[in-house]
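Visitor: I am new to this structure and should be grateful for a close look at one part of it, the place where the two chains meet. Would you please take me through that part step by step?

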2 protein chains.
Amino acid sequence: MHEQTAGRPTLASIAAAAGVSLPTVSKVVNGKTDVAPATRERVLALLDQYDYVPLARRPVPEPDSPLVDVVFTALDSPWAVELLRGITESGLEIVVDSLAARPQDGDWVRSLIAGGRRGAIVVTSRITAADQRRLGRSHLPVVVIDPVDMPGPDVPSVGATNWSGGMAATEHLVELGHRRIAVIGGPEDYLCSRARIDGYRAALDRAGIPADPALVRHGNFHHDGGYERARELLELPDRPTAVFAGSDEQAFGVLEAARQAGLSVPGDLSVVGFDDLPMARWSSPPLTTVRQPLADMGRMAGRMLLDLVSGRELASQRVELATSLVPRASTARRP
Amino acid sequence: MHEQTAGRPTLASIAAAAGVSLPTVSKVVNGKTDVAPATRERVLALLDQYDYVPLARRPVPEPDSPLVDVVFTALDSPWAVELLRGITESGLEIVVDSLAARPQDGDWVRSLIAGGRRGAIVVTSRITAADQRRLGRSHLPVVVIDPVDMPGPDVPSVGATNWSGGMAATEHLVELGHRRIAVIGGPEDYLCSRARIDGYRAALDRAGIPADPALVRHGNFHHDGGYERARELLELPDRPTAVFAGSDEQAFGVLEAARQAGLSVPGDLSVVGFDDLPMARWSSPPLTTVRQPLADMGRMAGRMLLDLVSGRELASQRVELATSLVPRASTARRP
DNA sequence: GGTGGTTTCGAAGATGTTTCGATAGCGTCG
DNA sequence: CGACGCTATCGAAACATCTTCGAAACCACC
């Protein structure tokens with residue numbers, strides 16, 4: 001059945017070329033000691049030349065990469081694509097599941113168990129203790145991305161350094177001379193949102209700027225959330241000169257509200273977003289924002305789930321990937 | 001054992017021709033893994049050559065909502081979320097599959113068959129005749145969204161009225177007094193792209209405006225495609241006063257190029273996009289665009305696939321959903 | 001019970017690893 | 001000088017996996 005000398009290099013072919021026996025080549029590959037330096041050199045050179053790859057580590061086409069659910073509360077943001085891209089790259093086969101699209105009783109945990117899934121990734125979503133227990137009973141691992149509540153210590157989760165992100169955004173604005181800095185968070189009870197606002201507070205605190213509760217607002221993470229809260233903020237008697245929005249979409253809403261109010265950005269109002277969606281670069285002005293490595297978060301969650309599915313231990317139950325400020329043109333010195 | 005080539009090809013006859021056993025052929029048809037690549041190729045070629053079609057329907061495994069693949073070439077656009085939302089709403093359970101994320105040899109048809117999927121929705125992607133036959137052999141229906149090539153008459157597909165869309169966009173510009181109207185299409189060979197450009201030509205024709213080939217460009221559907229082609233167009237000695245872009249993302253690229261060239265939109269240059277992504281409303285200026293009902297297209301594709309999976313006949317093999325012009329602020333009368 | 005296809009299971013083969021003994025080289029001691 | 005002992009190097013053979021594939025049992029249906 002073997003034919004080709006031209007095909008994939010095997011230990012045997014290398015051995016023949018080097019004029020040694022097969023086991024000797026094996027020893028070289030595995031770093032065993034009982035090989036003469038000269039022989040080792042000769043074999044290594046040939047291994048290199050033939051570009052030998054051991055069979056075990058060969059890109060084995062995953063015969064049946066595990067099928068897992070990715071549960072979104074709703075598929076309503078470009079956000080989702082970024083995550084999905086990351087997750088697909090982790091080597092899982094994923095079923096997208098949108099709670100919003102489900103018939104309202106839709107019990108995703110049941111269908112997940114019944115559907116033969118091997119696990120789940122839950123995105124910014126509340127996972128109840130009951131759900132957790134049921135999943136545990138069926139030995140189905142879950143990884144949460146950007147958990148809404150602080151998850152129990154036994155629920156692995158992936159997030160971003162929201163606190164630092166909020167801090168960095170706010171410090172950036174403080175450095176530009178702003179004093180009246182507003183923040184628009186996501187829904188009040190979201191963990192990520194609270195962390196960002198805490199970062200904001202910490203930065204103000206450090207700069208010795210008193211926090212004005214009137215400048216802290218909450219809205220949904222979408223355009224309208226940003227738009228409406230910005231409208232309110234801009235109508236304040238002593239309106240803010242800068243707004244830190246909880247998401248890029250919100251920030252676009254803020255831009256819109258500013259435009260309607262006849263304010264120029266960043267001339268009259270500086271705006272910082274959060275996420276760094278691809279389109280943040282193309283808005284006008286290009287949006288200064290806190291980059292959240294969404295695709296990496298997806299990939300990380302995928303890899304963690306893959307580990308859990310194959311019964312490996314996780315290095316850590318909670319992983320936070322670094323955010324970083326991306327200064328663009330929507331922020332400027334205080335007018 | 002009868003030997004004649006005359007009758008309907010059976011697994012046994014294919015097996016004989018390939019010099020393998022019957023079970024091996026069965027495994028190839030069902031995408032099982034334990035077949036050597038060379039053998040698989042040989043058998044697939046013969047299945048093709050003999051145009052094998054199985055007799056009995058395979059025992060249907062799951063009664064609950066069928067699991068189907070949604071195959072993207074790449075998950076690289078907010079576009080994708082819209083479609084996904086629509087598809088999830090149709091009551092299918094969907095597995096997202098990105099060809100880009102696959103190791104390049106990745107034979108998606110095989111993993112689809114082996115993975116027990118009940119069908120597939122292929123998005124703007126070339127589906128080869130061979131793939132089609134293989135899916136047919138396994139009784140797996142496929143629906144194509146926005147097919148790249150004109151699909152065979154037996155491949156159900158969902159699209160939008162691209163021609164009318166192109167026509168509407170161009171007529172809108174003509175009505176605004178524009179005469180030098182450029183168009184940026186997607187990749188040259190995309191069906192949807194060609195249809196839009198034909199609509200553009202038809203509108204020009206109707207208005208008695210001679211078509212200038214220099215004003216017809218092709219680029220990828222993303223921001224950079226639009227940006228680069230717009231740069232070229234704006235450097236023309238007799239530059240266009242309006243650009244019809246093949247996608248919203250491209251249109252954002254055009255806006256960017258105009259900004260860099262110091263042109264105001266819509267003052268100096270009118271821009272029309274295509275798709276009506278959510279963010280088209282929030283760009284500045286808000287983008288006049290041709291609305292493509294992406295979520296509806298997804299839902300329609302889902303419903304068609306659902307019908308096919310449950311063995312119902314389709315009312316029509318090819319469905320085109322209506323596009324409509326959404327005039328916003330990126331177009332104005334010719335300067 | 002025949003036809004058409006699927007599944008299970010083990011045999012055969014291919015590839016790599018490990019063990020262990022053969023041998024050569026070299027120094028040392030009688 | 002030659003016997004002896006020691007070590008470094010290497011390959012034969014046994015072992016361990018993993019892949020590939022078919023015999024035979026099985027299933028569904030007519």
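Guide: Domain bounds, as used here, come from an automatic or database domain assignment. The model is a predicted one. In chain A, the assignment gives domain 1 as residues 1-60, domain 2 as 67-161 together with 294-321, and domain 3 as 162-292. Between the C-alpha centres of domain 1 of chain A and domain 3 of chain A there is a distance of 60 Å.

With that outline of chain A in place, the interface itself may be examined. On the side of chain B, 25 residues are in contact with chain A, and 28 residues of chain A take part in return. About 2600 Å² of area is buried between chain B and chain A, and carbon and sulfur atoms account for 62% of this area. Three residues deserve particular notice: B:Leu75, B:Val81 and B:Trp282 provide 22% of the area that chain B buries against chain A, more than any other three residues.

Charged and polar pairs also cross the interface. Side chains of opposite charge can pair when their charged atoms come close. Between chain B and chain A there are two salt bridges, whereas the structure holds 37 over all chains. In one salt bridge across the interface, A:Arg117 is paired with B:Glu93, and the closest N and O atoms are 3.5 Å apart. A:Arg117 is found in the loop between α5 (108-114) and β3 (119-123) of chain A, while B:Glu93 belongs to strand β2 of chain B, so this pair joins two chains. As for polar contact, four residue pairs are found across the interface of chain B and chain A, with both residues at pLDDT 80 or more.

Which elements of chain B supply the side that touches chain A? Both α4 (78-89) and β2 (93-98) of chain B give at least two residues each to that side. The largest share, seven residues, comes from α4(B). Sorted by character, the residues on this side of chain B comprise 12 nonpolar, six polar and seven charged.

Strand pairing adds a further link between the chains. Strand β2 of chain A, residues 93-98, is joined to β2(B) by three bridges, and the two strands run antiparallel. Within this pairing, A:Val96 has B:Ile94 of β2(B) as its bridge partner.

Finally, some details of the backbone in each chain may be set beside this picture. Most residues other than glycine have a negative phi, and most peptide bonds are trans. In chain A, a cis peptide bond with omega of about 10° joins A:Val265 and A:Pro266. A:Pro266 is situated in the loop between α10 (248-260) and β9 (270-275) of chain A. In chain B, B:Ser284 and B:Pro285 are likewise joined by a cis peptide bond, for which omega is about -5°. The loop that holds B:Pro285 runs between β9 (270-275) and β10 (288-291) of chain B. A:Asp51, although not a glycine, has a positive phi of about 55°, and A:Asp51 is placed in the loop between α3 (37-50) and β1 (67-72) of chain A.

Methods
Residues numbered from 1 in each chain as written. Chains lettered and ligands numbered in written order. Predicted model: local features only at pLDDT ≥ 70, side-chain atom pairs only at ≥ 80, totals over all residues. Heavy atoms only, no water. Contact = heavy atoms within 4.5 Å. Buried area = accessible area lost by both parts, 1.4 Å probe. Salt bridge = Lys/Arg side-chain N within 4 Å of Asp/Glu carboxyl O. Polar contact = N/O pair within 3.5 Å; in protein donor to acceptor, adjacent residues only side chain to side chain. Helix = DSSP H or I, 4+ residues; strand = E, 2+ residues; numbered from the N terminus. Nonpolar A, V, L, I, M, F, W, Y, C, P; charged D, E, K, R; others polar. Pairing = 2+ DSSP bridges.
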